Protein chains: 4
Amino acid sequence: MTVRAIVWGENIHERVNRVVAEIYPDGMHEAIARLLRQDPAIHAETATLQQPEHGLTEARLAECDVLLWWGHRDHGGVDDAIVERVARRVWEGMGLIVLHSGHFSKIFKRLLGSPCALSWREAGERERLWTVNPGHPIARGLGPHFELENEEMYGEPFSVPEPLETVFVSWFQGGEVFRSGLTWRRGAGNIFYFRPGHETYPTYHDATVGQVLRNAVHWADNSRGAWPTVHAAPNVPVEKALEPIVERGGKLHAKGEEGLR
Amino acid sequence: MTVRAIVWGENIHERVNRVVAEIYPDGMHEAIARLLRQDPAIHAETATLQQPEHGLTEARLAECDVLLWWGHRDHGGVDDAIVERVARRVWEGMGLIVLHSGHFSKIFKRLLGSPCALSWREAGERERLWTVNPGHPIARGLGPHFELENEEMYGEPFSVPEPLETVFVSWFQGGEVFRSGLTWRRGAGNIFYFRPGHETYPTYHDATVGQVLRNAVHWADNSRGAWPTVHAAPNVPVEKALEPIVERGGKLHAKGEEGLR
Amino acid sequence: MTVRAIVWGENIHERVNRVVAEIYPDGMHEAIARLLRQDPAIHAETATLQQPEHGLTEARLAECDVLLWWGHRDHGGVDDAIVERVARRVWEGMGLIVLHSGHFSKIFKRLLGSPCALSWREAGERERLWTVNPGHPIARGLGPHFELENEEMYGEPFSVPEPLETVFVSWFQGGEVFRSGLTWRRGAGNIFYFRPGHETYPTYHDATVGQVLRNAVHWADNSRGAWPTVHAAPNVPVEKALEPIVERGGKLHAKGEEGLR
Amino acid sequence: MTVRAIVWGENIHERVNRVVAEIYPDGMHEAIARLLRQDPAIHAETATLQQPEHGLTEARLAECDVLLWWGHRDHGGVDDAIVERVARRVWEGMGLIVLHSGHFSKIFKRLLGSPCALSWREAGERERLWTVNPGHPIARGLGPHFELENEEMYGEPFSVPEPLETVFVSWFQGGEVFRSGLTWRRGAGNIFYFRPGHETYPTYHDATVGQVLRNAVHWADNSRGAWPTVHAAPNVPVEKALEPIVERGGKLHAKGEEGLR
């Protein structure tokens, strides 16, 4: 069964910064989509900030199993209504993979309820990612560690909630560490944060990074198990109680009244 | 050492509904505060929706170790700026105890990043809370179960993130169950959700409920361990790296530039 | 891809107790295997306590993706060496589904490191299982709740470690609750505990129970992601360090020496 | 209130290895106990492998709030009966802090139900521990990171269950990372693993290590909340059910019979 993925790219630095444009002439989103398309079981499309509704219309999201998110320069430019729309789809069961500087995106902070801050250094130093959970589906086919010769450093503490599971931890040449692969679930939606991906380095041309992202898309896919009523707060009237009960005590709500939100 | 608690009450139904007013003539916040004051190691004040800044000024929150939150009728009436202010204090280390219908409060949904929905029935039925984690500090001094003869039913699924720990699970006479005591941490802030507390029943006059709340205040107190920089995203310049490194590769940021948010 | 499952049954009560024999004339293991075989993507065999090596030879376990375990009367009769063999395969990646009275099996207690105790009552009362995590793969296709008209009661507290996720919570007619579907991971092995299944009731003829077990087999299957070196504690000699370092300080181990265990 | 701690030391290398003896002339256990005694609210005694019952009699354990465990050379020399005795006390509520090479101790593997393996190198390299959870009580008073100039390397993957919380992550000079501070709970017992402490280096003379250990003792102390019945599996007879029920269906157990274990 094919997983339907959308790679969302902010698509700014690749157009205004020469270094980035040379590495990603077709845009970062396109490079990421190509990594996904190496797996015939993934159908990968793209969407960008500049498109109407940022390319994330209700109709497109309804047919998206896993959304990947890369943004950096203009997190504030993402419409709050679109953020809520994406959050809603995640709760209902759409997977979400947040990449690198996406740690400060509105959607990531919205779903984690935390500042998601970290320390950083742009020096092209060596990053070595260690698999701390080799049995996790996202680590399938990987060795004990892999390296990115040039990456931006992200350092702990990373102010996110304790994850469901930690998959990768990074070592940096300059002396820092970082929990580089973390999972959470919100509603029925699986969320994965993957650290690498600074735009001035060729990270999204790396074969192992591609493997991780394809694994993550399959792991995040929950299309067979959705939760469309995740927002619902239904009243269960006394006469429909599963066990017979008699109403007692004071009442706030008139019969058949909706609950307060 | 005294824990400084603020009990925040919406303070509406106790003024407009006769049933509630009779049970809580001084307001629900005052009844909850009295339960806390049975412990001389807790200093409990109150705050209400109607006060300037909802009684939650920067100055008061700065000196608050644990905030308790009861709201129901007018979640929407809480100013978004105050919600952000409270969230910030939680991340920095203030404890938060969310009560009953507070599951739909802005602050709870903000910190959990989830819909926080559930099913419900107002029939004054029996609720029996089981301690599933007898070793947890919030369960200190409690027996294996305790009952509230009249309570509103809340039923699963409760669309919140998987908790750090589950402390209580409720049995309802009408056939439902509910995870009634759940913990999370956001930043340095301990969060506890406690289910009982419908305004038309005398739940906040119950001795065991009082014991749970006092236990929870002590558990949530993290005043000796704060995280004031939880929001900070400092740049670590190459020349201050802990291990000597040489800058390489393409650059996005000019020297000394702030990061993007 | 077919998942290879083995249903392990103690196979005592169905031979010595007339009530059980009438419900499960071919043995409980066979009834459970039939439920699994309704899914053509599951290949289900059986094994019993009475077979040589309890039917769990090295060779069979090596080709088993998911093991299901039902035992009650003679947990002590299971050979410790076989328990260690099963534990080892779980750590390496074999899934394990522990059923009902298997909560006191050697293998469950071995892997959880906890007493796994609970309270109980054999009165054929009604059990209603609520799905508290509708987005979890084990809950696929289920409604919000399902009932077993006659079951043994298991009551909290259930002394197991905090699970990775809680999938089901049970309501009992006599007033108790129980966390009926819990997941953990040990090494690369996924573990699921599922509460129902008392031998004097026809639980393993129930269609919904069958659906849960088939879902659980697919969820537990980690055959594509094993961790064969989960036991290894390799020395990394200085000359093979990934970053150049110079040996310093006092030494305990001679060069090339094995570590202490 | 004073926390009663026992520091258990294997007490072998400090007697047979000159390097270790020079650093710890009174034994490692004594050095660790001295770090604890800097806090007047901790009463720290010691126990060693060579004492009768390894110094861990029923009577001593009954009055111990937190046990610290350092062993390396002779894990196999610890009596299985004492291991079970300690495990039982942990389940009932005694805290356990496992140090360094104690990752392969019987008691740690027993409680975690996992191989607890890792890679290693004894080269006196630099270790830098990063606080990834600055709001955790074990991190109180610490800065963002601290260094041990000479330590043994432990590398991921560390085959332990996903922790309740991750407190520290280590950076090693030779290129590895390690989750150096992890918490779990078993029954009512809080468990903390702290990585540093190789016997050929002066780690237990380090002030920051002392601070971590004192913090950990206070965090692990659960003496006010025990769970003495954690092993009990009581029958709840029909006539004592909390809600009235009528016995139905087939029966396995005669009235008043004990359950099977």
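1. Chain A superposes on chain D by a rotation of 180° with 0.0 Å of shift along its axis, at an RMSD of 0.0 Å. The fit is by least squares on the C-alpha atoms of residues with pLDDT of at least 70 in both copies. The two copies are thus related as by a two-fold rotation axis. In chain A, the C-alpha of A:Trp171 is nearest that axis, 3.2 Å from it.

2. On provenance: this is a predicted model, where local features need pLDDT of at least 70 and side-chain atom pairs count only at pLDDT 80 or more, while totals for chains, interfaces and linings use all residues. Residues are numbered from 1 along each chain as its sequence is written, chains are lettered from A in the order in which they are written, and side-chain values use heavy atoms, with hydrogens and water left out.

3. Chain A puts 71 residues in contact (heavy atoms within 4.5 Å) with 71 residues of chain B. The buried area is about 5500 Å² (accessible area lost on being put together, 1.4 Å probe, summed over both parts). Carbon and sulfur atoms give 59% of that area. A:Trp120, A:Arg248 and A:Leu252 supply 14% of what chain A buries against chain B, more than any other three residues.

4. The rule finds four salt bridges across the interface of chain A and chain B (a side-chain nitrogen of Lys or Arg within 4 Å of a carboxyl oxygen of Asp or Glu). A:Lys251 forms a salt bridge with B:Glu122, with the closest N and O atoms 3.8 Å apart.

Methods:
Buried area = accessible area lost by both parts, 1.4 Å probe.
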